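Trainee: I would like to go through this structure with you, taking the charged pairs and then the enclosed spaces. Could we keep to what the model itself shows?

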Amino acid sequence: MSHSVPFVRQVCYFLVAILATSLLVACTPAGEGGRSPAIDTALTVYAAASLTDAFGEMAERYEADHPNVTLTFNFAGSNQLAAQIGAGAPVDVFASANPEQMEAAVAAGRIDAGAPVVFVTNRLVVIYPADNPGNLTSLQDLRNPHVLLVLAAEEVPVGRYSLAFLVAASAHPSFGESFQPDVLANVVSYEENVRAVLNKVSLGEADAGIVYTSDLATAPGVGRLDIPDALNSIAHYPIAVLNDSPHQAAARSFMDFVLSDDGQQILAGYGFGAGIPQ
């Protein structure tokens, strides 16, 4: 059977169109169910070192529910994080261990003044190695000669809280005015964050240290001396999305998860107290 030239041309055009469509589909990455995936988002979260374990678990839960979002954390002393933010580091979310470092980020213009929310609280506790080489039985024993004590540096929130405890204790009759200078004379090192204090004590490189109660959740081998409420400092942890984050929706979504009942339950499991209701 013969066909006219126009008919043959129509068939050729039709076949070329089918081939082009097939190639286009083959070269297009497919998501679930053959759909194109949503654009992946990489969020950078700067968080106080004491949040390492809790935020690690949160990341697993959040990423499972948001498969197109990847969380990258920078855990360190809040003062170091605030300084990096002030220097222009690309950050989406900042979680500080005290309001002062959050205020530094606000002053740098990276966070709006009304944005931070206190999402958890924390408390101080004295810890010592499992074998208790310093023979500590009370807080007053921190002043005993030859006790090797490690504290976080004063620039770090937990270091500042620790010094406030020593000042308060020295004004209490059961400790006496010389308690603060006696204890400070036993300090063998000032560490850059609370995790460094915890590690030194856990490894037996010091007789005692002052950390947060939340740090004990992952350090079951250490002993503890509780600090009375009247002498303790309650640490307030604010969190905020940076105003120049290129991922505003995803950053706010993660912050909302931290503030949610599920997020608060995870934090409580690591020894954190409730934040301030909004």
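Trainee: Is Arg195 buried or exposed?
Mentor: This is a predicted model, and every value here is computed from it. The relative accessible area of Arg195 is 16%, and the cut-off for burial is under 20%. Because its value falls under that cut-off, Arg195 counts as buried.

Trainee: Which residue meets the side chain of Arg195 in a salt bridge at 3.2 Å, N to O?
Mentor: Arg195 lies in helix α7 (residues 194-202), and its partner sits in the loop between β8 (208-212) and β9 (223-226), 20 residues apart from it. That partner has 0% relative accessibility and so counts as buried. The residue whose side chain meets Arg195 at this distance is Asp215.

Trainee: Which residue is linked with Arg195 and Asp215 in a network of salt bridges?
Mentor: The structure holds 7 salt bridges, and Arg195 and Asp215 belong to a network of them. The residue that is also linked in this network is among those lining the second largest cavity, as is Arg195. The network is completed by Asp53.

Trainee: Which helix gives the most to the lining of the second largest cavity?
Mentor: This cavity holds about 30 Å³ of space, and its lining includes Ser50, Thr52, Asp53, Ala54 and Tyr270. By class, the lining has 5 nonpolar, 4 polar and 2 charged residues. The largest contribution, 3 residues, comes from helix α2 (residues 52-65).

Trainee: How many charged residues are there in the lining of the largest cavity?
Mentor: The largest cavity, with about 60 Å³ of space, is lined by 13 residues, and those nearest its centre are Ala49, Ala97, Val156, Val194 and Tyr212. The lining divides into 9 nonpolar and 4 polar residues, and the number of charged ones is none.

Trainee: Which residue forms a salt bridge with Arg143?
Mentor: Arg143, in the loop between β5 (124-128) and β6 (149-152), is linked to a residue of helix α6 (residues 179-184) that lies 39 residues apart from it in the chain. Arg143 counts as partly exposed at 22% relative accessibility, and the closest N and O atoms of the pair are 3.3 Å apart. Its partner, also partly exposed with a relative accessible area of 30%, is Asp182.

Trainee: In the salt bridge of Asp244 and Arg110, which residue counts as buried?
Mentor: The two side chains meet at 2.8 Å, N to O, and the pair links distant parts of the chain, 134 residues apart. Asp244 has 42% relative accessibility and therefore counts as partly exposed. At 9%, the residue that counts as buried is Arg110.

Definitions and conventions. Residues are numbered from 1 along each chain as its sequence is written. This is a predicted model: local features need pLDDT of at least 70, side-chain atom pairs count only at pLDDT 80 or more; totals for chains, interfaces and linings use all residues. Side-chain values use heavy atoms; hydrogens and water are left out. On a 1 Å grid over the protein atoms alone, a cavity is a set of points where a 1.4 Å probe fits but cannot get out, and a pocket is an open set with protein on both sides within 12 Å along at least five of seven lines; lining residues have an atom within 4 Å of a point. Grid points are joined across faces, edges and corners, and a volume is the space filled by probe spheres set on the points. Ala, Val, Leu, Ile, Met, Phe, Trp, Tyr, Cys and Pro count as nonpolar, Asp, Glu, Lys and Arg as charged, and the others, Gly among them, as polar. Helices (H or I, at least four residues) and strands (E, at least two) are DSSP runs, numbered from the N terminus. A salt bridge is a side-chain nitrogen of Lys or Arg within 4 Å of a carboxyl oxygen of Asp or Glu. Buried means under 20% relative accessible area, exposed over 50%, partly exposed in between (1.4 Å probe, protein chains only).
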